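User: Could you take a close look at the salt bridges in this one and then work outwards to whatever sits around them? An informal walk-through is fine.

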Amino acid sequence: MTSTSITDATRELLLSRIRDVPDYPKPGVLFKDITPLLADPAAFTALTDFLAELCVRHGATKIVGLEARGFILAAPVAVRAGLGFVPVRKAGKLPGATLGQAYELEYGTAEIEIHAEDLSAGDRVMVIDDVLATGGTAEASLELVRRAGAQVAGVSVLMELGFLSGRARLEAGLRDAPLEALITL
């Protein structure tokens, strides 16, 4: 793709490759499965190209991918854009010294970590994930990026579940950085 806005045809292609799985992981939840999109080279390439263009447009120098599906999307974007990839993982999954950030879940708390030395004061970081739901993990990742000394270039997601209000939760943490969702459901 050569433009920096997603075309209707690309959006339709991506949507057509996202499978609904009812009652997963628990009854009443409609899970959005992106594995058919990943298995389709045309769809996966279109997604990768578009996210890479967003990184370039927003001046990113590094890409952070959020565990676990964010890794799958962010790593090829980093390669395509010629940028470094930095994983944000669940607590206890990265070796060596890490910087951690706890955040609230619906019932309890969780923690994510990053290797702070992988980011520097001159870095502008694009955070990439597959879905923006309640925004807790994304919000914690923005705090981690800033605590590591870098700036936030933006957040890019394949899908935003608008009914869960994650965008509103991220508003203050974005500090005017863009939040780009290719598809809003």
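Analyst: Let's start with the count: there are 11 salt bridges in this structure, which is a predicted model. As background, side chains of opposite charge can pair when their charged atoms come close. One to zoom in on is the pair of aspartate 49 and arginine 80, whose side chains meet in a salt bridge at 1.9 Å, N to O. The two partners come from distant parts of the chain, 31 residues apart, with aspartate 49 in helix H3 and arginine 80 in helix H4.

That takes us to the two helices themselves. The axes of H3 and H4 (residues 69-81) come within 8 Å and cross at roughly 65 degrees, and the crossing of H3 past H4 is right-handed. On the H3 side, the contact is built from Phe44, Thr45, Leu47, Thr48, Asp49, Leu51, Ala52 and Cys55, and these meet Ile72, Leu73, Pro76, Val77, Arg80 and Ala81 of H4. Sorted by class, the contact of H3 with H4 comes out at 10 nonpolar, 2 polar and 2 charged residues. Both salt-bridge partners, Asp49 and Arg80, are in that contact list.

H3 has another helix to deal with. Helix H1 (residues 8-16) packs with H3 (residues 41-57) at an angle of about 125 degrees, their axes 10 Å apart. That angle is why H1 counts as oblique to H3. Here the crossing is left-handed. H1 brings Thr10, Leu13 and Leu14 to this contact, while H3 brings Ala42, Ala43, Ala46 and Leu47. By class, the contact of H1 with H3 splits into 6 nonpolar residues, 1 polar and no charged. Leu47 of H3 turns up here and also in the contact with H4.

Next, the sheet. It is an open one of 7 strands, in the order S5-S6-S4-S3-S7-S8-S9, with mixed pairing. The edge positions go to S5 (99-105) and S9 (179-184), each with a single partner strand, so one side of each has no neighbour in the sheet. On average, neighbouring strands are turned by 20 degrees against each other, direction ignored. Looking inside the sheet, S4 (residues 84-90) and S6 (residues 108-114) run antiparallel and are joined by 2 bridges. Arginine 89 stands opposite glutamate 113 in S6.

Helices meet this sheet too. H1 lies across S8 (151-160) and S9, running at about 65 degrees to S9. H6 (residues 166-174) also packs on the sheet, touching S5, S7 (124-132), S8 and S9, and its direction makes about 165 degrees with that of S9.

Last, some backbone geometry to have on your radar. Most residues other than glycine have a negative phi, and most peptide bonds are trans. Against that background, the peptide bond from tyrosine 24 to proline 25 is cis, with omega near 5 degrees; proline 25 sits in the loop between S1 (19-22) and S2 (30-33). The bond from glutamate 67 to alanine 68 is cis as well, with omega near -5 degrees, and alanine 68 lies in the loop between S3 (62-66) and H4. Serine 165, though not a glycine, has a positive phi of about 65 degrees, and its place is the loop between S8 and H6.

Terms used. Residues numbered from 1 in each chain as written. Predicted model: local features only at pLDDT ≥ 70, side-chain atom pairs only at ≥ 80, totals over all residues. Heavy atoms only, no water. Axes fitted to C-alpha atoms, helices over the stretch in contact; angles between N-to-C directions. Helix = DSSP H or I, 4+ residues; strand = E, 2+ residues; numbered from the N terminus. Parallel < 35°, antiparallel > 145°, perpendicular 65-115°, else oblique. Left-handed = near helix turned anticlockwise from the far one by under 90°. Contact = heavy atoms within 4.5 Å. Nonpolar A, V, L, I, M, F, W, Y, C, P; charged D, E, K, R; others polar. Pairing = 2+ DSSP bridges. Salt bridge = Lys/Arg side-chain N within 4 Å of Asp/Glu carboxyl O.
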